[in-house]
Amino acid sequence: MIRQILLTTLLVLSWCVADAAAPAERGAYVGGAFGSTTLEDDGLFSGLSYDDTDSGFGIFGGYKFFKHLAVEGRYTDFGTFTVEGLGIDASVVSVHVMGIIPFAESGWELFGQLGLGTIDLSIPGDSTSETVGSAGLGVRYSYSRNFSLGIQTDAYAYEEVDFGSTYDVGVVQTAVTVRLSF
């Protein structure tokens, strides 16, 4: 059993690194992300004790239409932020348009994204959903046409109206990403 798992792993890795370092110019891809998240409250929790950082993760999938453009869907769990001892779980489902600048055949790509989604905020006994906009930048290196590692920072924001005041609330995530292309 262990030999079969090891052999399968070696075959998958050899498939991932068999091609040139230039990333695929088109096709489907899937991936995952893990990183640090920060809640930006714009004074909403002013005067309260709160922890505005946590770790988060995400999964994504998309299609690269040509070397400069992709469309991507994501699920991101930002973790739990604490206000006066009360945990606020935050997650988002979103769609993004990705602009990509490849650096010749080096395997490096710079990318930016604009997106729209729904953020879910949950506290014990209550939850709310809001429409969010997002923007982000990142860089990735393709070890082969099928496998790349990257780092990206994305910001998600919406307006919260509370007791007659408006606050620009957002979550920023900086994450390391792994992507497999088909």
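Hi everyone. Let me start with one pair of residues: Asp89 has Ser122 in E6 as its bridge partner. On another side, Asp89 in E5 stands opposite Thr80. Please keep in mind as we go that this is a predicted model.

Those pairs sit in a run of strands, so let me walk you along it. E4 and E5 pair in the antiparallel sense, with 14 bridges. They form a hairpin with two residues between the strands, and there Glu84 takes a positive phi near 50°.

Next come E5 and E6, which also pair in the antiparallel sense, over 14 bridges. Their hairpin has five residues between the strands, and Ala104 in the turn shows a positive phi of about 50°. Along this pairing you can also find Val92, whose bridge partner in E6 is Ile119. Please remember Ile119, as we will meet it again.

Then we move on to E6 and E7. Strand E7 covers residues 126-142, and 16 bridges join it to E6, with the two running antiparallel. One pair to look for is Leu110, with Val139 in E7 as its bridge partner. Here the hairpin has two residues between its strands, and Gly125 in the turn has a positive phi of about 90°.

Let me step back to the whole chain. How many helices and strands does the secondary structure come to? The count is one helix and nine strands. Reading along the sequence, you meet the helix and then the strands, in the pattern α-β-β-β-β-β-β-β-β-β. The chain has 182 residues, and 37% of them count as buried. If you take the contacts with a separation of 6 or more, 59% are between residues 24 or more positions apart.

Now for the inside. In soluble globular proteins, nonpolar side chains tend to be buried together. In this model, the largest nonpolar core has 17 residues, and Phe78 and Ile119 are those with the most contacts inside it. Which elements give two or more residues to this core? They are strand E4 (69-83), strand E5 (86-102), strand E6 (108-123), strand E8 (147-162) and strand E9 (165-181). Another core, of six residues, lies apart from the largest one, and its members include Tyr29, Phe60, Ala70 and Phe111.

As promised, back to Ile119. Leaving out residues up to four places away in sequence, Ile119 touches Phe78, Ser91, Val92, Thr128, Ser129, Glu130, Val132, Tyr158 and Val171. Two of those names should sound familiar: Val92 is the residue bridged to Ile119, and Phe78 stands beside Ile119 in the list of residues with the most contacts in the core.

Finally, let's go to the outside. The chain exposes about 9,900 Å², and carbon and sulfur atoms supply 64% of that area. What forms the nonpolar patch on the surface? The patch is made of Tyr63, Phe65, Phe66, Val71, Val95 and Val97, which together have about 510 Å² of accessible area. Strand E3 (53-66) and E5 are the elements that give two or more residues to the patch, and E3 gives the most, with three. Phe66 lies in strand E3. Why does Phe66 count as partly exposed? Its relative accessibility is 39%, so it falls in between buried, which is under 20%, and exposed, which is over 50%.

That's my tour. Thanks for listening!

Technical notes. Residues numbered from 1 in each chain as written. Predicted model: local features only at pLDDT ≥ 70, side-chain atom pairs only at ≥ 80, totals over all residues. Heavy atoms only, no water. Core = buried A, V, L, I, M, F, W, Y, C linked by side-chain atoms within 4.5 Å. Buried < 20%, exposed > 50% of the residue type's maximum accessible area, 1.4 Å probe, protein only. Helix = DSSP H or I, 4+ residues; strand = E, 2+ residues; numbered from the N terminus. Contact = heavy atoms within 4.5 Å. Pairing = 2+ DSSP bridges. Areas by Shrake-Rupley, 256 points an atom, 1.4 Å probe, with all protein chains shown as cover. Patch = residues over 30% accessible without salt bridge, like charges linked within 9 Å, V, L, I, M, F, W, Y side chains within 5 Å. Salt bridge = Lys/Arg side-chain N within 4 Å of Asp/Glu carboxyl O.
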